[in-house]
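Got your viewer open? Let's take a walk through this model together, one selection at a time.

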Amino acid sequence: MDKFYIKGGAKLDGEIEVYSAKNSVLALLAASILTDEKVVIHSCPKIGDVYSMIKILQYLGCKVEWQGDSIVIDSSQADKHDIPLQYGQEIRSSIFMLGSILARFKKAKAVFPGGCDIGLRPIDLHLKGLRELNVVVQEQGANIFCNGENARGKKIHLDFPSVGATENIMLASVLIKGKTTICNAAKEPEIVCLQDMLNKMGAKVSGAGTGMIEIEGVKKLSGTEFVPISDRIVAGTYIIAAAMTKGKVHIKNCRPNDLYSLTSKLNGVACDVLASDNDLLVKGYDRPQSVLTVETLPYPGFPTDLQAQMLALQTISQGTSVVVENIFETRFKHVGELIKMGAQIVVKDRYAIVRGVQKLYGCQVSAYDLRGGASLVLAGLVADGTTVVNNVRHIDRGYFQLEEALSSLGGCIKRV
Ligand code: UD1
């Protein structure tokens, strides 16, 4: 299994371009089976989660091929409506396929999904939403059987603005009779991106980006070509990397507005951040100051997917910081590894109290999940000596060749 060897101490310097958002591409791949015409999604990252989703599409009978960094999906011959256990448990987004398979075939069989081990991650909101659309849902052991012959639009209230449940209900309802309204919908930019592609295919979806999404069912969707939004979590990781290494990094093709919950905390405290329409320039300080509190929340709050990286920054900042994880119950697995490197952190339930230290020290650490793994890489970039990050496959699920991206900015990191 691959490892990263990181020699700490280099200041990151240079330009880097951000590719399309993993979480958008996954939802768009699920949407591609809503039509039997060709769908092309451009500028896709060649990362583990995308490959896993493609495997599911191929299992369903779709022809999927990469053309450069575009994915071309032809689902005209798709004839299966089930997601087998081995694929379903490989990736959590497999559950988004439930809504689109149902929309296409009027029936679906899925399994309870896998993915990062960061909390309980139930799918009750997904299933409740589908049941409210008059889909018959039967849970039998690890399997979920759905029949959508009599599905119809309905007003649905989500108890929590779940990203996945919002996307699944959007996908399930675009081709059914009547109007569906999702109240307390997730507002993430990736939801707006999904709406945009669905509308380009001929759907009638409005309100994405607000707490109320309306979907007027249509009879048929057509093929499309689409460029997804850029990855705000990857851009955020580069911002934090620049701040931690006292670097100067120009981040191109990012969406500064999507990152405001991060940059508003860091600007003037840990680094200078200069934003233009699609770019950010980040200049780190000699010693960043701690951010007093970081509390993860649904968008536009601080993203849980940047909590680990932000926590890594706090370990070397001057002062004390309190990091609160409100979204996932057990998303502090990186803390034990950062402590091995000399960080001073105390965790109590959903709170991590971080007292900044002058130095971290390189040692052997292990990635236990995707973003936690990225936080260890960031820590390695500033640690004294060499850090070895094991289980890099977790990081590869969401970052395309992170070691090459950081090396291009002057970081000393290699994959072994
Ligand atoms: C998506 C993102 C993930 C991000 C997360 C929160 C994708 C592929 N993944 O995950 O990167 O960290 O949003 O921004 O887009 N919940 C329930 N019942 C449900 C569904 C969710 O209780 O049926 C809970 C979860 O356990 C969690 C919270 O709601 O505590 C948020 O989860 P959700 O927004 O659904 O996250 P995902 O869609 O899985």
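**Stop one: a proline in a loop**

Start by selecting proline 300, which sits in the loop between strand 17 (293-295) and helix 10 (307-315). This is a predicted model, so keep that in mind as you look around. Now show the backbone and include tyrosine 299 as well: the peptide bond from tyrosine 299 to proline 300 is cis, with omega near 10°. That's worth a pause, as most peptide bonds are trans.

**Stop two: a pair of asparagines**

Next, pick asparagine 134. You'll find asparagine 134 in the loop between helix 5 (124-132) and strand 7 (136-140). What is the phi of asparagine 134? It is near 75°, a positive value in a residue other than glycine. For context, most residues other than glycine have a negative phi. Switch on the surface here: asparagine 134 is partly exposed, with a relative accessible area of 29%.

Then jump along to asparagine 391, in the loop between strand 22 (386-390) and helix 13 (393-396). Asparagine 391 isn't a glycine, yet its phi is positive, at about 60°.

**Stop three: two domains**

Time to zoom out and use some colour. Paint residues 4-19 and 230-415 one colour for domain 1, and residues 22-226 another for domain 2. How far apart do the C-alpha centres of domain 1 and domain 2 lie? The answer is 30 Å.

Now look at where the two colours meet. Here 22 residues of domain 1 are in contact with 20 residues of domain 2. About 1,900 Å² is buried between domain 1 and domain 2, and carbon and sulfur atoms give 55% of that area. Select Tyr299, Phe328 and Arg397 next: they supply 31% of the area that domain 1 buries against domain 2, more than any other three residues. You've already met Tyr299, on one side of that cis peptide bond.

**Stop four: charges at the meeting place**

Stay on the boundary and show side chains. How many salt bridges does the rule find across the interface of domain 1 and domain 2? There are 2. To see a salt bridge for yourself, select aspartate 49 and arginine 397, whose closest N and O atoms are 2.6 Å apart. Between domain 1 and domain 2, the count of residue pairs in polar contact is 5.

Before you leave, colour the touching side of domain 1 by residue class. The side that touches domain 2 has 12 charged, 8 nonpolar and 2 polar residues.

Technical notes: Residues are numbered from 1 along each chain as its sequence is written. This is a predicted model: local features need pLDDT of at least 70, side-chain atom pairs count only at pLDDT 80 or more; totals for chains, interfaces and linings use all residues. Side-chain values use heavy atoms; hydrogens and water are left out. Helices (H or I, at least four residues) and strands (E, at least two) are DSSP runs, numbered from the N terminus. Buried means under 20% relative accessible area, exposed over 50%, partly exposed in between (1.4 Å probe, protein chains only). Domain bounds come from an automatic or database domain assignment. Contact means heavy atoms within 4.5 Å. Buried area is the accessible area (1.4 Å probe) that two parts lose on being put together, summed over both. A salt bridge is a side-chain nitrogen of Lys or Arg within 4 Å of a carboxyl oxygen of Asp or Glu. A polar contact is a pair of N or O atoms within 3.5 Å; within protein, one must be able to donate a hydrogen and the other to accept it, and residues adjacent in sequence count only if both atoms are side-chain atoms. Ala, Val, Leu, Ile, Met, Phe, Trp, Tyr, Cys and Pro count as nonpolar, Asp, Glu, Lys and Arg as charged, and the others, Gly among them, as polar.
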